[in-house]
Amino acid sequence: MILFVRVVPLIAALFATATASAQATPTYSAIEGDYVAHDFKFKSNEQLPELRLHYRTLGKLVRDAQGRSTNAILILHGTGGSGQQFLQPQFAGELFGPGQLLDINRYFVILPDGIGHGKSSKPSDGMHAHFPAYDYDDMVAAQHLLVTRGLGVQHLRLIMGTSMGCMHSFVWAETYPDFMDALMPMACLPVQIAGRNRVWRKMLMDAIRDDPAWNGGEYTEEPKAGLRTAEDILVIAGSAPLVMQRTLLTRDAADKYVDDAEKRAGTLDANDLLYQVNASRNYDPSPQLEKIAASVLWINSADDFINPPELGIAEKESKRLKNGTFVLLPISEQTHGHGTHTWAVVWQPYLKQLLEKTAH
């Protein structure tokens, strides 16, 4: 039976303690490693002799009497991110500590870097625009190899995913429907990237490709004009009006934030960003949503520019999940637009519900 929840009240006390909790957060030191997938074949029929998949883990893997893993949790990052982002106070500080929901004394947490991201293989390693044109199916297939062959995990207690990782969660659930007990996708829709979502992505990619300095991907210096435009688009796509109004109180503060975009753009690699955004081109899990067997608790935020609730897509598609609940978080001073997915204090009561529901 499917329960659709449009606006669910959250626990007010959690909001009041959010700042203090973040300030007291311990630092988590993850174990880092690389798994190399040999002769990895992409959907495009391109192939890499060695595909490097970087990962971080926290905690220790537990197996039952039959040798089956029982406590592994896979957490998947968004476009342009990496597993490292989940060690930030607003996420790790709310979830990984003693007695918290994902206490690493109880769970084995896996934080991979997707293809083209972080320390995994990517265009900027040297292949530039000759790097295979990976998509989300390729990224999930590589994650599966890392989890199973690299880490010896045969089953996942939970998959969590944010933004692109949210979309990967749906791909995981359809491709490997018996591999996980529970699924918590956050900040996405399980349909083809179209409408405004595709428009801003294409604008971003065109800005890079149309910059003469890009030179077909064989640039000697980063195409600064294209990257500046790309960064400007990313700022708007990830923005939340209440947060910006609260933190940029004056015209001068807002102007400085825009000017600082040039500095932020200076940390990007054009080919890496182009590939990261273009990887969404084939995504569309909607035809097979009924195939998902795991218990799903899907969360979006009402102030998400990328996945606006007025589209009504989540309401329609969530009804097709066999065992799913959709939660739309109401706009508040605790939500952060699309980035609400990383602020665990806002949504952890729902994670608690999911873990309790799927305990066995």
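## Exercises: a disulfide, two loops and a pocket

In this predicted model, the torsion about the S-S bond of Cys166 and Cys188 comes out at about -65°, so the disulfide is left-handed. Let's start with that bond and work outwards.

**Exercise 1.** Work out which parts of the chain the Cys166–Cys188 pair ties together, and how far apart in sequence they are.

*Solution.*
- Begin with the bond itself: the sulfur atoms of Cys166 and Cys188 are 2.0 Å apart, and the two residues form a disulfide.
- Next, place the partners. Cys166 sits in helix H4 (residues 164-175), while Cys188 is in the loop between strand E7 (180-186) and helix H5 (195-209), so the pair links parts that are 22 residues apart in sequence.
- Looking for another one? The structure holds one disulfide.

**Exercise 2.** Decide whether Cys166 and Cys188 are buried or exposed.

*Solution.*
- The cut-off to use: buried means under 20% relative accessible area.
- Cys166 has 0% relative accessibility, so Cys166 is buried.
- Cys188 has 1%, so Cys188 is buried too.

**Exercise 3.** Take Asn45 and His128, residues with a positive phi, and find where each one is and how exposed each one is.

*Solution.*
- Asn45 isn't a glycine, yet its phi is about 75°. Look for Asn45 in the loop between strand E2 (31-41) and strand E3 (47-58).
- His128, another residue other than glycine, has a phi near 50°. His128 belongs to the loop between strand E5 (108-112) and helix H3 (136-150).
- Now the exposure. Over 50% counts as exposed, and partly exposed lies between that and the buried cut-off of 20%.
- With 58% relative accessibility, Asn45 is therefore exposed; with 27%, His128 is partly exposed.

**Exercise 4.** Describe the second largest pocket: its volume, its lining and the classes of its residues.

*Solution.*
- The volume of the second largest pocket is about 270 Å³.
- Its lining has 17 residues, and those nearest the centre are Arg106, Tyr107, Arg157, Leu355 and Ala359.
- Strand E6 (156-162) and helix H12 (344-357) are the elements that give two or more residues to this lining. H12 gives the most, with three.
- Sorted by class, the lining has seven charged, five polar and five nonpolar residues.

**Exercise 5.** Find out how confident the predictor is, and where pLDDT stays under 50.

*Solution.*
- For the chain, the mean pLDDT is 92, with 93% of residues at 70 or more.
- Then turn to residues 1-24: pLDDT stays under 50 there, and the model has 45 contacts beyond four places in sequence for this stretch.

Note on methods:
Residues numbered from 1 in each chain as written. Predicted model: local features only at pLDDT ≥ 70, side-chain atom pairs only at ≥ 80, totals over all residues. Heavy atoms only, no water. 1 Å grid on protein atoms, 1.4 Å probe; cavity = no way out; pocket = protein on both sides within 12 Å on 5 of 7 lines; lining within 4 Å. Points joined across faces, edges and corners; volume = space filled by probe spheres on them. Helix = DSSP H or I, 4+ residues; strand = E, 2+ residues; numbered from the N terminus. Nonpolar A, V, L, I, M, F, W, Y, C, P; charged D, E, K, R; others polar. pLDDT = per-residue confidence, 0-100. Contact = heavy atoms within 4.5 Å. Disulfide = S-S within 2.5 Å. Buried < 20%, exposed > 50% of the residue type's maximum accessible area, 1.4 Å probe, protein only.
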